[in-house]
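Reader: I am new to reading protein models, and I would like to learn how to take one apart step by step. Could we look at the structure together?

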Amino acid sequence: MMSKMQSKRLKSRIHDTAGQRRTGTSTHVPRVILTTLSGVFLFCAVPASTSAASTDRFSGDWVGGFDDGKNWVYVQTHFKAQGEAITGTFDRPLEFVMGTPIGGVVFQFPRIQFEVEKPERLRFDGGTRDGVISGEVAVGQRTRPFHLTRIAKVDVSGLGGIYRFGEDHFIALRPGDETGVNALALTDFKTAESRVLFPLDEQTFFCGDKFLVTHPVKATFQFLSQKGAQMQLSWKRAGSAPIIGTRQSFAHEEITFTNGDVRLGGTLSLPHANGPHSAIVFIHGSGPGDRNSLRFIADFFLVNGFATVVYGKRTNWIASSFSDLTDDALAAARVLKSRADIRQVGLWGISQGGWLVALAASRSPDVAFIINESGPGMTPEEQMQFTVRTKLQAAGFDATTMLTASNLVRKNFDCVRTGSGWIELAQANGRARREPWFTHMSSLEMRRDDPPFWKLNAGFDPVPALRQVRCPVLALYGARDTLVPAKPSADIWRAALKEAGNKDVTVKIFSTGDHGLRETTGGTLKDLPKSRGFVPGYFETQKEWVLRRVAAEH
């Protein structure tokens, strides 16, 4: 997303839903990956009668939160026993508040009190039982119930994959640190639900009834490893008998391809059916992207009979143009087209990747179809203007402030386009940095000595490329996207493709979708914990659309 152009605090695609400058449009999310910051521990006195054995029961990582009346506030605490004292840090990852020292600890097992000061003063008072701390948290003059569950330090790298629970019921599990702790991200292809699964021990995980809501526990998962057999997963929902899924095995090949002097690598995954196969190349959004960040959507197409390629984005993307990034994807497509077991190749791209799939299809008749998720219809500056206005409006700022911020966005882009006015821009950014609204500017500060990403791409307009696209097009948007204006983008794509004479265009706006097409109430990261998952029809729409186009070729 053009709004994520600087340092990413989210390492991924729960599908990208927020971010910084310097990266172009953001990915899928869809996949959120959050980087845990190292914290500073604060020593706090506890009663002398407290035993070290009792304090040890609190040592470790705890996840949970509380409902503030609108959102589930997802939190993490990291307690450390130091003799008869408890120290620790506190995180609110979705608000980028990490490593806050815990203070005011009063401990008499099984009860504990502690407090934190950022981003607001909270006072927790609860008791522990069976690995759960529950009680009340004081938020200003209000109190709310809170729950924290102790989680285990587990290596989850060997537990990911695609698990089959029935004829048409597949889920994808992937290791991820979306939450700043080791966990598993679950995506259910049948129900479109998604959850973060937290480890109680090396084999047992749990989740609540929404993406990051941890209490009450609504399901537990037990990994059943049998010697010489495929991994099985027992999934038990509250009040129901467990169901058993088996991890599926697919053929995977490492492929390499080149674009000029840039050499890239990706993973080609092949479906169970005999070839030749239709294939899809997946294109990242903004920022860095590895082979796992779009794995969940690639796996969905894999179980539905498509060969898939997810490749690692070039490491020097911040010095690359959209044209360079597009040619990377086309280089991957050429490798696939040269294979006897591949029939045709389509492209799937999210956010910035939506711009790139259009540019690629305009350049190559070998692109069989394109799927665009949340790709803008306008220039980077226009998209950034929308992002800033939306953020400021959601934060309660008035029209005058939004105009001031909008003018600052324009100043930054003007300097990039003209190569002049850098001293005045630095002064304007410096003055704005002292204003309360500047934190919502997505860290948009362009400088003369920045890497050339903006210089290469600030003037990009997708419309000329769209007017050259002749292949089938599916474009999907979320009406509650706070990064890309859904309806204006959808209208531009429709109009430009109509001008191209393209007769096979499907554009759909999901009324409750965010940038990564997850269900949301407001489209912000604060809404993410209570998201059920992807919007209804997210998977079915893509499957039905692409299968009809593939069938039409035969």
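Reader: Let me begin with a single pair of residues: which residue in S14 does Pro199 stand opposite?

Author: This is a predicted model, and we should keep that in mind throughout. In a ladder of paired strands, one looks for the residue facing the one in question, and here Pro199 stands opposite Phe205 in S14. Another such pair joins the two strands, since the bridge partner of Phe198 in S14 is Phe206.

Reader: How many bridges hold S13 and S14 together, and in which sense do they pair?

Author: Strand S13, residues 194–199, and strand S14, residues 204–207, pair over two bridges in the antiparallel sense. The two strands form a hairpin, with four residues between them.

Reader: And what links S13 to S12?

Author: S12 and S13 run antiparallel and are joined by four bridges, and one of the facing pairs has Leu184 opposite Leu197 in S13. These two strands also form a hairpin, this time with five residues between them, and in the turn Ala192 has a positive phi of about 70°.

Reader: Which way do the residues of S13 point?

Author: Ser194, Val196 and Phe198 point one way from the strand, while Arg195, Leu197 and Pro199 point the other way, and all of them are buried. Because six of the six residues of S13 are buried, the strand is largely enclosed by the rest of the structure.

Reader: What larger arrangement do the strands from S10 to S17 make?

Author: They form a closed barrel of eight strands with antiparallel pairing, in the order S10-S11-S12-S13-S14-S15-S16-S17. From one strand to the next, the twist averages 30°. A helix is packed on part of this arrangement: H2, residues 295–303, lies across S10, S11 and S12, and runs at about 45° to S10.

Reader: How should I read a helix, and which residues of H7 are buried?

Author: The general idea is that an α-helix has 3.6 residues a turn, so residues three or four places apart point the same way. In H7, which spans residues 422–432, the buried residues are Trp422, Leu425, Ala428, Asn429, Gly430 and Ala432. Part of what covers them is helix H6, residues 399–418.

Reader: Is Trp355 buried or exposed, and where is it found?

Author: Trp355 is found in helix H4, residues 352–363, and it counts as buried because its relative accessibility is 0%, where the cut-off for buried is under 20%. A polar atom of its side chain lies 3.3 Å from the backbone oxygen of Met378. The C-alpha atoms of Trp355 and Phe322 are separated by 8.2 Å, although these residues are 33 apart along the chain.

Reader: How many disulfides are there?

Author: A disulfide is a covalent bond between the sulfur atoms of two cysteines. With sulfur atoms within 2.5 Å as the cut-off, the count here comes to zero. As for individual cysteines, Cys207 is buried with a relative accessible area of 4%, and Cys415 is buried with a relative accessible area of 5%.

Reader: To finish with the whole chain, how many helices and strands are there, and what share of the residues is buried?

Author: The protein chain has 11 helices and 25 strands, and 58% of its 554 residues count as buried. Its accessible surface comes to about 21900 Å², and 50% of that belongs to carbon and sulfur atoms.

Methods: Residues numbered from 1 in each chain as written. Predicted model: local features only at pLDDT ≥ 70, side-chain atom pairs only at ≥ 80, totals over all residues. Heavy atoms only, no water. Buried < 20%, exposed > 50% of the residue type's maximum accessible area, 1.4 Å probe, protein only. Contact = heavy atoms within 4.5 Å. Pairing = 2+ DSSP bridges. Axes fitted to C-alpha atoms, helices over the stretch in contact; angles between N-to-C directions. Areas by Shrake-Rupley, 256 points an atom, 1.4 Å probe, with all protein chains shown as cover. Polar contact = N/O pair within 3.5 Å; in protein donor to acceptor, adjacent residues only side chain to side chain.
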